[in-house]
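The following paragraphs walk through a single chain, from its overall surface and shape down to individual residues. Please keep the sequence and the coordinates open while reading.

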Amino acid sequence: TNMPWFKGWKIERKEGNAEGKTLIDALDAILPPTRPTEKPLRLPLQDVYKIGGIGTVPVGRVETGVLKPGTVVVFAPANITTEVKSVEMHHEALVEAVPGDNVGFNVKNVSVKELRRGYVAGDSKAAPPKGAADFTAQVIVLNHPGQISNGYTPVLDCHTAHIACKFAEIKEKVDRRSGKTTEENPKFIKSGDAAIVNLVPSKPLC
C-alpha cells in the first residue's frame, strides 16, 4: 500500500516465464542448476578413515559424474585401483552419489596408508583421472611484496591437494578485465598484474 508505483517483476525465458512481487516469489522462480552427472567421475578426497568392522573409507564430495557401489575406481595420481563396496551419506546407504554429495565410500583391499587427502577418485573404465606433468593457468597477483619471475614456487591449493608448483614460464601478461594480451614473455609480474603462466608441480598433481 505504501509503494503504489511497484508493479512487481517479470522474467521471460525459454524454460517458462515468471513474475511476482516479493523476494520469496523471486527465490521460488530460480531454476536449479543441472548437476554434471554425464561428465567423467571426479571425487577429490578430503580425508581417509579406518573404521572397525568396515575397513578403509575415503571421504569427499562428488564434483562430476556418478559414484555407485560396484564401480571399479582408480585413485590418481597414485594409480591405485579397487572396487567400491558401498557408498554412504549421513549414515545412510546410497544407490548412487551425484555431484554435490559429500560421501564416504568403503573400498576393498586398500590400506589407509596408501590413500591421502588430495588424491582424486575416478572410474577406471571411463576417462580415469591422471596426474598432470604441467598445466597452464591464469594467475592474478592480488598482493605480493616483490616481483615474481620464472622459478618462483608457491604452494597451490587445487581442490583438496596442497602442492608446491613452479612458475616454469610466464607466457604473457593479460588485461584483468578483457583477457587481452598486453605483453608477451614478461620478465616478471607484480601486484595487480594478471598473467598466463605454465606451472610445473613438484610432485604429481591431479
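The accessible surface of the chain comes to about 13,100 Å², and carbon and sulfur atoms supply 52% of it. The model is a predicted one. Of the 206 residues in the chain, 33% are buried, where buried means under 20% relative accessible area. The chain has 27 positive and 23 negative charges, and the mean positions of the two sets lie 3 Å apart.

The overall dimensions come next. The radius of gyration is 23 Å, whereas a compact globule of 206 residues would have a value near 17 Å. Along the principal axes, the C-alpha trace spans about 70 × 55 × 30 Å. The secondary structure consists of one helix and 14 strands. If only contacts between residues at least 6 apart in sequence are taken, 59% of them join residues at least 24 apart.

One place to begin with the strands is β9, residues 120–123. Strand β9 runs antiparallel to β3 (residues 43–51), and two bridges join them. Within β9, Val120 stands opposite Pro44. Strand β9 also pairs with β5 (residues 72–76), again in the antiparallel sense, over four bridges. Here Ala121 of β9 is the bridge partner of Phe75.

A second set of pairings involves β14, residues 194–201. Six of the eight residues of β14 are buried, so the strand is mostly covered. Strand β10 (residues 135–140) pairs with β14 in the antiparallel sense over six bridges, and Phe135 stands opposite Leu199 in β14. Strand β12 is joined to β14 by eight bridges, and these two also run antiparallel. Opposite Pro201 in β14 stands Cys165.

The backbone has some details to check in the loops. Most residues other than glycine have a negative phi, and most peptide bonds are trans. Against that background, the peptide bond from Ala76 to Pro77 is cis, with omega near 0°. Pro77 lies in the loop between β5 and β6 (80–89).

Where does His91 lie? It is found in the loop between β6 and β7 (92–93). His91 is not a glycine, yet its phi is positive, at about 65°. The relative accessible area of His91 is 77%, so this residue counts as exposed, the cut-off being over 50%.

His159 also has a positive phi without being a glycine, with a value near 45°. The position of His159 is the loop between β11 (155–158) and β12 (161–174). Is His159 buried, partly exposed or exposed? With a relative accessible area of 37%, His159 is partly exposed, because that value falls between the limits of 20% and 50%.

Glu38 is a further loop residue, placed between α1 (23–29) and β3. The relative accessible area of Glu38 is 63%, so Glu38 is exposed. Glu38 and Thr64 are 26 residues apart along the chain, and 7.7 Å separates their C-alpha atoms.

Notes:
Residues are numbered from 1 along each chain as its sequence is written. This is a predicted model: local features need pLDDT of at least 70, side-chain atom pairs count only at pLDDT 80 or more; totals for chains, interfaces and linings use all residues. Side-chain values use heavy atoms; hydrogens and water are left out. The radius of gyration is taken over C-alpha atoms; the globule rule is 2.2 Å times the number of residues to the power 0.38. Buried means under 20% relative accessible area, exposed over 50%, partly exposed in between (1.4 Å probe, protein chains only). Contact means heavy atoms within 4.5 Å. Accessible areas come from the Shrake-Rupley method with a 1.4 Å probe; for residues, only the protein chains shown count as cover. Lys and Arg count as positive and Asp and Glu as negative; His and the chain ends are not counted. The place of a charge is taken as NZ of Lys, CZ of Arg, CG of Asp or CD of Glu. Two strands pair if DSSP finds at least two bridges between them.
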